[in-house]
Every structure is written in C-alpha cells, then in structure tokens.
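Please open the model in your viewer and keep the sequence panel beside it. The tour moves from one selection to the next and says what is found at each stop.

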Amino acid sequence: MTKTWIALNDIPAEGREFSFSDQSLWTGPMKELDVAARIGTPLEASMHIVPQDDGWLVTGRLSGSVVLPCDVCAEEYEQAIDADFDSFESLDMAEGEFADECHVREERGVPRLDAGGLLWEQFMLSLPVRPECRPGCKGL
C-alpha cells in the first residue's frame with residue numbers, strides 16, 4: 001500500500017491544507033488488493049489538518065470517478081465519487097484499542113500521518129456496497 005507521510009509536529013494552529021492528485025495513491029492499492037475498479041475521471045483529494053489538544057482533526061474531500069463492474073449484469077459503468085470526510089487522529093489511538101483504525105505513528109519523536117492510508121480508507125468507503133450500472137438493472 002502506498003504510504004504518504006505528513007509530519008504533524010509543524011502544523012500551525014490554524015491548520016494546513018494538502019492536495020493529492022497522484023493517481024498511484026489509488027492505482028497501487030487497487031492492483032495490490034485486487035480491487036475490481038479502474039480510474040475514470042482522475043481522483044483528486046484535499047485534506048485540512050488542524051492540531052487539537054490531544055490529536056489532529058482531519059477534514060477533506062475526495063472526488064473523481066471509477067469504472068466498476070455492475071454487481072447485477074457485470075457490465076462496466078462509471079461511478080462518480082464525491083465524498084467529504086472527517087477524522088480525528090491521535091497518538092493515544094495508535095497505542096490503544098483503536099490502533100488498527102489510526103493513521104498516526106511516531107517516528108524518531110515526530111508524529112506522522114499516513115495520508116495515503118487515510119485516503120485509501122475514504123476511497124473504499126465512498127464506493128457503493130452493491131454497484132449497479134443503473135437503478136433496476138435486470139442483469140444478464
């Protein structure tokens with residue numbers, strides 16, 4: 001999986017904006033995890049990170065489209081993606097019971113956010129559970 005680390009120790013109090021347009025953030029994991037999808041309209045993501053007393057608030061947006069097979073007829077169709085997201089990340093989560101859900105790790109005393117992992121998670125959450133090329137598809 002593609003790792004894109006952001007150092008969190010120098011984020012100003014008002015926060016910092018990050019943009020992601022490198023398609024390998026999504027195509028790499030798609031191939032690695034054998035996800036039956038390909039990019040239609042290039043995926044774009046933005047992320048705003050604001051420090052909090054006990055962690056970081058991450059808000060963002062993911063947009064573009066992917067080509068998926070219809071779950072009913074197996075024909076490919078283009079699925080738009082337009083999703084807002086927010087997440088709270090902290091080092092305490094990385095060491096506690098939520099460690100699997102946390103994208104923050106400390107390395108040499110510097111907290112870092114795995115933006116690639118967080119964006120991949122948001123991408124997967126934005127996909128339909130049962131993709132259909134059109135409402136009421138009759139199938140094969």
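**Start at Phe20**

Select Phe20 and display its surroundings: leaving aside residues up to four places away in sequence, Phe20 touches Thr4, Ile6, Leu25, Trp26, Leu43, Glu44, Ala45, Met47, Ala115 and Leu119, where contact means heavy atoms within 4.5 Å. This is a predicted model, in which local features need pLDDT of at least 70 and side-chain atom pairs count only at pLDDT 80 or more, while totals for chains, interfaces and linings use all residues. Residues are numbered from 1 along each chain as its sequence is written, and side-chain values use heavy atoms, with hydrogens and water left out.

**The nonpolar core**

Now add Trp26, Met47, Ile49 and Phe123 to Phe20, since these five touch the most other members of the largest nonpolar core, which has 34 residues. Such a core is a set of buried Ala, Val, Leu, Ile, Met, Phe, Trp, Tyr and Cys residues joined through side-chain atoms within 4.5 Å, and buried means under 20% relative accessible area, exposed over 50% and partly exposed in between, with a 1.4 Å probe and protein chains only. Two or more residues come to this core from each of E2, H1, E4, E5, E6 and H3; helices (H or I, at least four residues) and strands (E, at least two) are DSSP runs, numbered from the N terminus.

**Helix H1**

Select residues 24-32, helix H1, and pick out Leu25, Trp26, Pro29 and Met30, which are its buried residues. Looking down the axis of H1, you will find these residues within an arc of 120°, so they line one face of the helix; the arc is taken from the directions from the helix axis to the C-beta atoms. They pack against strand E2 (16-20), E3, E4, E5 and helix H3 (115-126), whereas the face turned away from the buried side carries the exposed Lys31 and Glu32. Just after H1, stop at Asp34, which takes a positive phi of about 55°.

**The strands around E5**

Next select residues 55-69, strand E5, together with strand E3 (residues 38-39): the two pair in the antiparallel sense over two bridges, with pairing requiring that DSSP finds at least two bridges. Arg38 has Val67 in E5 as its bridge partner, and Val67 also stands opposite Glu78 in E6.

Extend the selection to strand E4 (residues 44-52), which pairs with E5 in the antiparallel sense over nine bridges. E4 and E5 form a hairpin with two residues between them, and Gln52 stands opposite Gly55 in E5.

Finally, add strand E6 (residues 76-89), which runs antiparallel to E5 and is joined to E5 by 14 bridges. Their hairpin has six residues between the strands, and there Ala74 takes a positive phi near 70°.
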